[in-house]
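Me: Hi! I would like to learn how to read a structure, step by step. Could you walk me through one?

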Amino acid sequence: MSSGVIGILQFAIDGITSQQSATANNIANEATPGYTATEVNFEQSLSQALGSSGTQLTQVSKSPYAGPAATNGNNVDIGSEMVNAEQETLHYQAVTESLNAQFRLIQGASGGSYQ
Amino acid sequence: MSSLFSVLGIACSGVDAMQTWLDAAGGNIANANDVVSPNQKTYADELTLLSPTGAPGQAGMGVQASVVLGPNSGVLAYAPNNPLANAQGDVKYPQVSTSHELVNLIQAQDAYQANTSVMQKAISAYRSGLTIGS
């Protein structure tokens with residue numbers, strides 16, 4: 001993982017993208033019998049990556065959701081998945097905004113304007 | 001692992017699968033009262049099977065629906081005035097459970113809406129992503 005704020009934000013964007021894929025997949029399989037939901041915990045991976053000093057590639061971890069299954073063996077909690085989807089969208093937008101702010105700083109420092 | 005705008009593809013597979021399910025349920029309800037002579041085959045119930053796409057253990061890539069035909073043996077009903085009735089006065093109805101199909105319709109509609117809502121959220125995230133550096 002590259003150092004610096006931009007690298008961290010980039011990792012965050014990748015993690016949120018993975019989360020979004022997992023959530024979209026869970027919602028698409030909301031009615032699939034026997035389907036086990038997947039959850040991506042990228043915040044944990046990010047804090048581990050920030051804690052480690054090496055430059056090794058950090059991957060986000062995926063784990064099966066341990067919630068109770070319905071009678072058809074499907075354990076997608078559609079309510080929380082929709083909330084996750086919304087949260088991830090806002091999170092993505094926030095990280096994008098921060099990235100843009102970083103780039104504006106660099107632009108300003110290299111002789112451009114700060115807007 | 002993920003292609004560009006992968007969430008849209010996943011949500012699209014969900015919408016497609018739910019469309020297949022809605023079509024099957026709609027077709028079954030429309031044909032629930034198809035009467036045939038007892039010596040003929042009735043309308044076969046269309047059953048929608050949903051399964052996740054992508055290799056097991058890998059990141060999921062959505063859902064797929066396949067339609068299989070149920071039994072076409074039908075159930076006999078006594079209707080002596082029906083021109084299709086046999087000597088015993090029986091006709092045959094397809095084995096469609098209307099209540100089951102109505103529940104399917106509701107489930108498919110809800111899932112369809114959930115997937116389109118995922119699409120909208122993904123679009124607004126990607127749109128903001130495209131502004132990076134501009």
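Reply: Happy to! Let us begin with a term: two residues are in contact if their C-beta atoms, placed from the backbone, lie within 7 Å. Please keep in mind that what you see is a predicted model.

Me: Of the contacts in chain A with a separation of 6 or more, what percentage is accounted for by residues 24 or more positions apart?

Reply: In chain A, 67% of the contacts with a separation of 6 or more join residues that are 24 or more positions apart. For chain B, the corresponding figure is 64%.

Me: Now the elements. How many helices and strands are there in chain A?

Reply: Chain A has 3 helices and 2 strands. Read from the N terminus, their order is α-β-α-β-α. Chain B contains 2 helices and 4 strands, and its order from the N terminus is α-β-β-β-β-α.

Me: What radius of gyration does chain A have, and what would a compact globule of 115 residues have?

Reply: Chain A has a radius of gyration of 18 Å, whereas a compact globule of 115 residues would have one near 13 Å. The C-alpha trace of chain A spans about 65 × 30 × 15 Å along its principal axes. You can read chain B in a similar way: its radius of gyration is 22 Å, against a value near 14 Å for a compact globule of 134 residues. Along its principal axes, the C-alpha trace of chain B spans about 80 × 25 × 15 Å.

Me: Next, burial. What share of the residues in chain A is buried?

Reply: Of the 115 residues in chain A, 34% are buried. In chain B, buried residues make up 29% of the 134 residues.

Me: Can we try that on single residues? Is Ala12(A) buried or exposed?

Reply: The step you need is a cut-off: a residue counts as buried if 20 or more other C-beta atoms lie within 10 Å of its own, and as exposed if 12 or fewer do. Ala12(A) is buried because 20 other C-beta atoms lie within 10 Å. Gly79(A) is exposed, because it has 8 other C-beta atoms within 10 Å.

Me: Where are Ala12(A) and Gly79(A) placed?

Reply: Ala12(A) is in helix 1 (residues 4-28) of chain A, and Gly79(A) is in helix 3 (residues 78-109) of chain A.

Me: Leaving aside its neighbours within four places in sequence, which residues is Ala12(A) in contact with?

Reply: Those partners are Leu46(A) and Val95(A). You can also compare sequence with space: Ala12(A) and Thr96(A) are 84 residues apart along the chain, and their C-alpha atoms are separated by 9.7 Å. For Gly79(A) and Ile13(A), the separation is 66 residues in sequence and 24 Å in space, C-alpha to C-alpha.

Me: How are two packed helices described, and what are the values for helix 1 of chain A and helix 2 of chain A?

Reply: Two packed helices are described by the angle between their axes and the distance between the axes. Helix 1 of chain A and helix 2 (residues 42-51) of chain A pack at about 155 degrees, with their axes 10 Å apart. An angle over 145 degrees counts as roughly antiparallel, so helix 1 of chain A is roughly antiparallel to helix 2 of chain A. Their crossing is right-handed. Helix 1 of chain A contributes Phe11(A), Ala12(A), Gly15(A), Ile16(A), Ser18(A) and Gln19(A) to the contact, and helix 2 of chain A contributes Phe42(A), Ser45(A), Leu46(A) and Ala49(A). By class, the residues of this contact are 6 nonpolar, 4 polar and no charged.

Me: At what angle do helix 1 of chain A and helix 3 of chain A pack?

Reply: Helix 1 of chain A and helix 3 of chain A pack at about 160 degrees, with their axes 9 Å apart. These two helices are therefore roughly antiparallel to each other. The crossing of helix 1 of chain A and helix 3 of chain A is left-handed. Among the residues making the contact are Ala12(A) and Ile13(A) of helix 1 of chain A and Tyr92(A) and Val95(A) of helix 3 of chain A. Sorted by class, the contact has 12 nonpolar, 8 polar and 2 charged residues.

Me: Finally, how many residues of chain B are in contact with chain A?

Reply: 29 residues of chain B are in contact with 26 residues of chain A. Helix 2 of chain B gives the most to the side of chain B that touches chain A, with 12 residues. That side of chain B has 13 nonpolar, 15 polar and 1 charged residues.

Notes:
Residues are numbered from 1 along each chain as its sequence is written. Chains are lettered from A and ligands numbered from 1 in the order in which they are written. This is a predicted model: local features need pLDDT of at least 70, side-chain atom pairs count only at pLDDT 80 or more; totals for chains, interfaces and linings use all residues. Ala, Val, Leu, Ile, Met, Phe, Trp, Tyr, Cys and Pro count as nonpolar, Asp, Glu, Lys and Arg as charged, and the others, Gly among them, as polar. The radius of gyration is taken over C-alpha atoms; the globule rule is 2.2 Å times the number of residues to the power 0.38. Axes are lines fitted to C-alpha atoms, for helices over the stretch in contact, and angles run from 0 to 180 degrees between N-to-C directions. Angles under 35 degrees count as roughly parallel, over 145 as roughly antiparallel, 65 to 115 as roughly perpendicular and the rest as oblique. A crossing is left-handed if the near helix is turned anticlockwise from the far one by less than a right angle, and right-handed if clockwise.
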